[in-house]
Amino acid sequence: MGARAQYVVVENGTWQRYYSHWAANRVVDDLLPGPAAATRCFRANRETGEWLDDVWCEGAALVDQDRRILLWFAFADSWADHLASRAVLARTWPGWDVRFAHDGMGDLTHHLGLGRDLTRPPGWFETFEPSWFAETDNTEPSSVVSLRLPDGSVRAWGSSREPIEHVSDGPGLIDLLAASAATPPPTDMPYGGVHFDPQARSVSLWAVQTVAGIHDWPLPGWENWTLDFRGDDHSQQAGLLPADVSFPQPSLAAALRKLSGRLGTPPPDNGALLARVTAAPGPEGGTAVVNPAALVSHEPVDPTHAEVAELRTVLDALITGAEVD
């Protein structure tokens, strides 16, 4: 139970890890005020000598003060929320190379020269028998899958699965797609998409969330296929979609206003809530067992008034620009 986050701070050639049991949904909030505020916040957490893995780590950040590189990942509520966060970070981390860590913990350990598989057991990437079900009533898909047919035309389908899950089915998925019924056009922007071109033996993928293993290409089953990984850029797939399927364009201004509304909002005291729950008698006299770290709330070090003021100025300018666009 919890929303575990891991932080790494690199400075003067050394690095240290920090851990919070509840901060995964606060990673973006703690990064927005800039590198100085974020570093103070992360160092206020518990030092740890252990790594979280891709399963348990739901949000992370690596602040490399020496090379001025920020790597981070966290789940965003929507495509627009992810883009809003990226837009703010580009302003509040000037002179820094700000990167979303699509490979999750693999990107962080790789940056430190430890390889991508440090936290991953051998054979960790699972493959599955190809499966497909046309979701004919799903207008808010998690991903869009597109396929170039032998005649050169392109079909597309919405899916509740993540893009990497379609890749894990292997090329056998392509025949199932070609025979599939149509799905309705998306009414909201998906979290990602994947495009298959059997004639070119190529796969193109984009996402605004982690796609662990994407840099280990070729993944099992895709030998002799090329990968065009687009990061969070959906424009290439958007240009390939048939006329009856298009990506909506949610309001970036609304997502920016949501970020602005969260400024100064303290994180919930989940530890205190859990302590009350575990203190209650269990069924048949049972006793709850809980990780002690879960009882420690995430208490970020607040940014200075000047840092908050600068962040508000950035948000106001971005909101104004987004409303004009």
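1. In this predicted model, the count of salt bridges comes to 17, and several of them connect parts of the chain that are separated in sequence, as the pairs below show.

2. Lys-258 forms a salt bridge with Asp-77, with the closest N and O atoms 3.8 Å apart. Because Lys-258 belongs to helix 8 (residues 252-262) and Asp-77 to the loop between strand 5 (69-74) and helix 3, this pair ties together parts that are 181 residues apart in sequence. Lys-258 is partly exposed, at a relative accessible area of 35%, whereas Asp-77 counts as exposed at 54%.

3. Asp-232 forms a salt bridge with Arg-86, where the closest N and O atoms are 2.7 Å apart. Asp-232 sits in the loop between strand 11 (226-229) and helix 7 (235-240) and Arg-86 in helix 3, so parts 146 residues apart in sequence are tied together; Arg-86 is partly exposed, at 26% relative accessibility.

4. Asp-103 and Arg-120 meet through their side chains in a salt bridge of 3.2 Å, N to O, and both residues are buried. Shared partners join these two with Asp-54, Asp-107 and Arg-116 into one network of salt bridges.

5. Helix 3 (residues 79-92) has 14 residues and reaches 20 Å from its first C-alpha to its last, close to the expected 20 Å. Among its buried residues are Trp-79, Val-88 and Leu-89, and Val-88 is also one of the residues with the most contacts inside the largest nonpolar core, which has 61 residues.

6. Trp-93, likewise among the residues with the most contacts in that core, touches partners including Leu-31, Val-63 and Leu-70. A second, separate core of 23 residues includes Ile-164 and Trp-217.

Definitions and conventions: Residues numbered from 1 in each chain as written. Predicted model: local features only at pLDDT ≥ 70, side-chain atom pairs only at ≥ 80, totals over all residues. Heavy atoms only, no water. Helix = DSSP H or I, 4+ residues; strand = E, 2+ residues; numbered from the N terminus. Expected span 1.5 Å × (residues − 1). Buried < 20%, exposed > 50% of the residue type's maximum accessible area, 1.4 Å probe, protein only. Core = buried A, V, L, I, M, F, W, Y, C linked by side-chain atoms within 4.5 Å. Contact = heavy atoms within 4.5 Å. Salt bridge = Lys/Arg side-chain N within 4 Å of Asp/Glu carboxyl O. Lists of a residue's contacts leave out its neighbours within four places in sequence.
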